[in-house]
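Hi,

Here's the structure I said I'd pass along. Have a look at it first, and my notes on what turned up are below.

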Amino acid sequence: MSEHPESPAVPANTPEPTETPAAVDTAVPSNAAGQVPDTGREPAPKPLLTPAQAKRANQTLKGMIISVVLTVAVAIPVILINPPNKADTYRAPVDISAVASQAAPDADFTPWAPNLPEGDYVNFARWITKNVDGIKYWEFGVVTKDDKFVWVRQTAKTNPSWLAAVTQGATPAGTHTVDGTEWELRKKEKTQVLITTRGQSTIVLSSDSGTEPLEKLAGLAQREIPAN
């Protein structure tokens, strides 16, 4: 008996071991440029304007710009020529006596040039010849030392339409007494108006600064403008 036993015999029909199949490469192949190949989907087409459409679009934009520029160009001179007649619009004092003397020859009354208290001043004065119903009138603005404003108008002829125009539609609100003299009172929002007749002319005082500056100027008018 051999010291080393023999290996068992291998059956004749035992199959040979099979090889492990090679791994399948699942990566998407790239083309020569290193880009992902076409998948068959076409990119969405970009909208294009024809030359005629592009020209019309440019003309529309240019037209809008020109319209805005023209609107601004027209508006600015109008604003500059017709500023609101407020105390902060006309800051430089004017010589009302000199302007009144220039207006006097064309007036049917003596244009009032008030002797204002110290600190108050007239910031504009003018003789108006073209207005509602052709009525000529004298007007000026008074700025008080505490920056309140009164608009003064004086005319020899008046009617309801002129009064409505110069008071901006203020409605009658009774009367207001100043130093024993009654003035017609009209109101519109913050604006108060005092109206009276002195001698040959009608005086209209307007202010949105309260009754105090109106009363002071009304009292001055009663002292300086003859009643008859």
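So, how many salt bridges does the count come to? Seven. Bear in mind that this is a predicted model. Here are a few of the pairs, then a pocket and a surface patch.

**A buried pair**

Glu-139 and Arg-153 make a salt bridge through their side chains, 3.5 Å from N to O. Glu-139 belongs to strand S2 (residues 137-143) and Arg-153 to strand S3 (residues 149-155), so the pair links distant parts of the chain, 14 residues apart. Are these two buried or exposed? Buried: Glu-139 has a relative accessible area of 2%, and Arg-153 has 5%. The cut-off for calling a residue buried is under 20%, which is why both get that label.

**A network around Lys-148**

Lys-148 turns up in two of the salt bridges I looked at. With Asp-146, the closest N and O atoms are 4.0 Å apart. With Glu-212, the N to O distance is 3.5 Å. Glu-212 sits in helix H4 while Lys-148 sits in the loop between S2 and S3, so this pair ties together parts that are 64 residues apart in sequence. Salt bridges with shared partners also bring in Lys-216, joining Asp-146, Lys-148, Glu-212 and Lys-216 into one network.

As for exposure, Lys-148 is partly exposed at 24% relative accessible area. Asp-146 is partly exposed too, at 44%, and so is Glu-212, at 40%.

**The second largest pocket**

This pocket holds about 260 Å³ of space. Its lining is made of 16 residues, and the ones nearest its centre are Pro-117, Asp-120, Thr-144, Pro-213 and Lys-216. That last residue, Lys-216, is also a member of the salt-bridge network. Which element gives the largest share of the lining? Helix H4 (residues 211-224), with six residues. By type, the lining divides into eight charged residues, seven nonpolar and one polar.

**A nonpolar patch**

On the surface, Leu-61, Ile-65 and Val-69 make a nonpolar patch of about 280 Å². Leu-61 is in helix H1, which covers residues 51-81.

If you only have time for one spot, try helix H4: Glu-212 in that helix pairs with Lys-148, and the helix supplies six residues to the lining of the second largest pocket.

Cheers

Technical notes: Residues are numbered from 1 along each chain as its sequence is written. This is a predicted model: local features need pLDDT of at least 70, side-chain atom pairs count only at pLDDT 80 or more; totals for chains, interfaces and linings use all residues. Side-chain values use heavy atoms; hydrogens and water are left out. On a 1 Å grid over the protein atoms alone, a cavity is a set of points where a 1.4 Å probe fits but cannot get out, and a pocket is an open set with protein on both sides within 12 Å along at least five of seven lines; lining residues have an atom within 4 Å of a point. Grid points are joined across faces, edges and corners, and a volume is the space filled by probe spheres set on the points. Helices (H or I, at least four residues) and strands (E, at least two) are DSSP runs, numbered from the N terminus. Ala, Val, Leu, Ile, Met, Phe, Trp, Tyr, Cys and Pro count as nonpolar, Asp, Glu, Lys and Arg as charged, and the others, Gly among them, as polar. Patches are made of residues with over 30% relative accessible area and no salt bridge: like charges are joined within 9 Å, nonpolar side chains (Val, Leu, Ile, Met, Phe, Trp, Tyr) within 5 Å. Accessible areas come from the Shrake-Rupley method with a 1.4 Å probe; for residues, only the protein chains shown count as cover. Buried means under 20% relative accessible area, exposed over 50%, partly exposed in between (1.4 Å probe, protein chains only).
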